[in-house]
Amino acid sequence: MHVELYRTGSLGIEKIKKCSFKEFLPKVIEYVTVRLKSVKKFCSFLKTLEGFFGGMKLNEIGKPNIEQFKTKRLKEIKPVSVNKEIAILKRILNIAIELGDLKTNPAQGIKPLPVVPTGRALTSDELSRLFMVLKSYNSHVADIILLALYTGMRKSEILNLSWKNIDFNNRVILLEVTKNNRRRSVLMGDVVYNILSNRYVNRKEENRDYVFANEDGKAYTDIRKSFKRILDLAKIKDFRFHDLRHSHISLFFESGAHVMVVGEQVGHRSKVVTEKYTHIDAQHTRDAIVKLERYIQDSIWQKSGKNF
């Protein structure tokens, strides 16, 4: 539906033609399709939002309606998921403003629900069992897990990794697209360097772009089944892929790394930290990575009596 403006007589007052939330959604999909990489994920929220707000006119949606939606959804899903739905709703209403279908966003000022931090790090026993499974698991997912453990990179950062982002000479991974929309360099230790160099040497002709590509040469988007199978084999329960990042950070600290080194490597740089320190010496970070790998080798693998 196109935006239609009309003028009321000689007063020349512009009014926006009213459309319902449901009627506006096709324009939202068209808008995000050319602007977002994760369109499928964005659209997965639309059915629920349409179920509640679909019959309302855009200019009829108010803060009380949104609070009612929050209350209803809180009975059905976790607070963190409710917050994600509200964030998508806010994005949709901002799009309506940009396209001229709405004047103000009623979702602005809606406070997110408090969320209890989740996630955990693997115990040394769990790590040992996990490495034993990975040692015999011939799959790209094994390499993805190891990259997450040894670098702290997020799943999306690993899956979107391109060969052009790998600098083997300087042992650096350049992340161009991150959660914070800020380019970040991740230094490679021996383990990560060997994993990536082996994949590069043995890559197939169609896998010229992405480090982890399917048979069509496209980046993997879903590794949940394989990840769950590996966890089951390692007898690890209640564990998410993002917890590998928590495990990396914990191991990094346990190996004696300075908080600034850890923050630089995983991209946890607050405004205060950024203002106080301009950068961390690269060699200092490389030394810390060597200690991390040695710590995992000595502390984890001595339980199994095998080296990775």
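## Exercises on a predicted model

Glu126 touches Arg120, Ala121 and Ile236, leaving aside residues up to four places away in sequence. The model used in these exercises is predicted.

**Exercise 1. Find the helix that holds Glu126, and decide whether Glu126 is buried or exposed.**

Step 1. Glu126 belongs to helix H6, which covers residues 124–136.

Step 2. The relative accessibility of Glu126 is 11%. The cut-off for buried is under 20%, so Glu126 counts as buried.

**Exercise 2. Describe the protein chain as a whole: its helices and strands, its buried share, its contacts and its exposed area.**

Step 1. The protein chain has 14 helices and five strands.

Step 2. Of its 308 residues, 42% are buried.

Step 3. Take the contacts in the protein chain with a separation of 6 or more: residues 24 or more positions apart account for 62% of them.

Step 4. The protein chain exposes about 18,200 Å², and 50% of this is supplied by carbon and sulfur atoms.

**Exercise 3. Work out which residues of helix H3 are buried and which exposed residues lie on the face turned away from them.**

Step 1. H3 runs over residues 46–53, and Leu46, Leu49 and Phe53 are buried in it.

Step 2. These residues are on the same side of H3, because they cover an arc of only 65° around the axis.

Step 3. The face of H3 turned away from the buried side carries Lys47 and Gly51, which are exposed.

Step 4. The cover over the buried residues of H3 includes helices H1 (21–33), H2 (39–43), H4 (63–74) and H5 (79–98).

**Exercise 4. Classify two helix pairs by the angle between their axes: H1 with H3, and H7 with H11.**

Step 1. Two packed helices are described by the angle and the distance between their axes.

Step 2. The axes of H1 and H3 cross at roughly 155° and come within 10 Å. An angle over 145 degrees counts as roughly antiparallel, so H1 is roughly antiparallel to H3.

Step 3. On the H1 side, Phe21, Lys22, Leu25 and Ile29 make the contact; on the H3 side, Leu46, Leu49, Glu50 and Phe53 do.

Step 4. Helix H7 (residues 140–151) packs with H11 at an angle of about 40°, and their axes are 7 Å apart. H7 and H11 are therefore oblique to each other.

Step 5. H7 contributes Ile145, Ala148, Leu149, Tyr150 and Thr151 to this contact, and H11 contributes Leu244, Ser247 and His248.

**Exercise 5. For Arg171 and Asp238, give the phi value, the loop and the exposure.**

Step 1. Arg171 has a phi near 55°, a positive value in a residue other than glycine. Arg171 sits in the loop between strand S3 (166–167) and strand S4 (172–175).

Step 2. With 27% relative accessibility, Arg171 counts as partly exposed.

Step 3. Asp238 is not a glycine either, yet its phi is positive, at about 50°. The loop that holds Asp238 lies between helix H10 (224–233) and helix H11 (243–254).

Step 4. The relative accessible area of Asp238 is 73%. Exposed means over 50%, so Asp238 is exposed.

**Exercise 6. State how many disulfides there are, and give the exposure of Cys19 and Cys43.**

Step 1. A disulfide is a covalent bond between the sulfur atoms of two cysteines.

Step 2. Counting pairs of cysteine sulfur atoms within 2.5 Å gives zero disulfides.

Step 3. Cys19 is buried, at a relative accessible area of 4%, while Cys43 counts as partly exposed at 25% relative accessibility.

Methods
Residues numbered from 1 in each chain as written. Predicted model: local features only at pLDDT ≥ 70, side-chain atom pairs only at ≥ 80, totals over all residues. Heavy atoms only, no water. Buried < 20%, exposed > 50% of the residue type's maximum accessible area, 1.4 Å probe, protein only. Helix = DSSP H or I, 4+ residues; strand = E, 2+ residues; numbered from the N terminus. Arc of directions from axis to C-beta. Contact = heavy atoms within 4.5 Å. Areas by Shrake-Rupley, 256 points an atom, 1.4 Å probe, with all protein chains shown as cover. Axes fitted to C-alpha atoms, helices over the stretch in contact; angles between N-to-C directions. Parallel < 35°, antiparallel > 145°, perpendicular 65-115°, else oblique.
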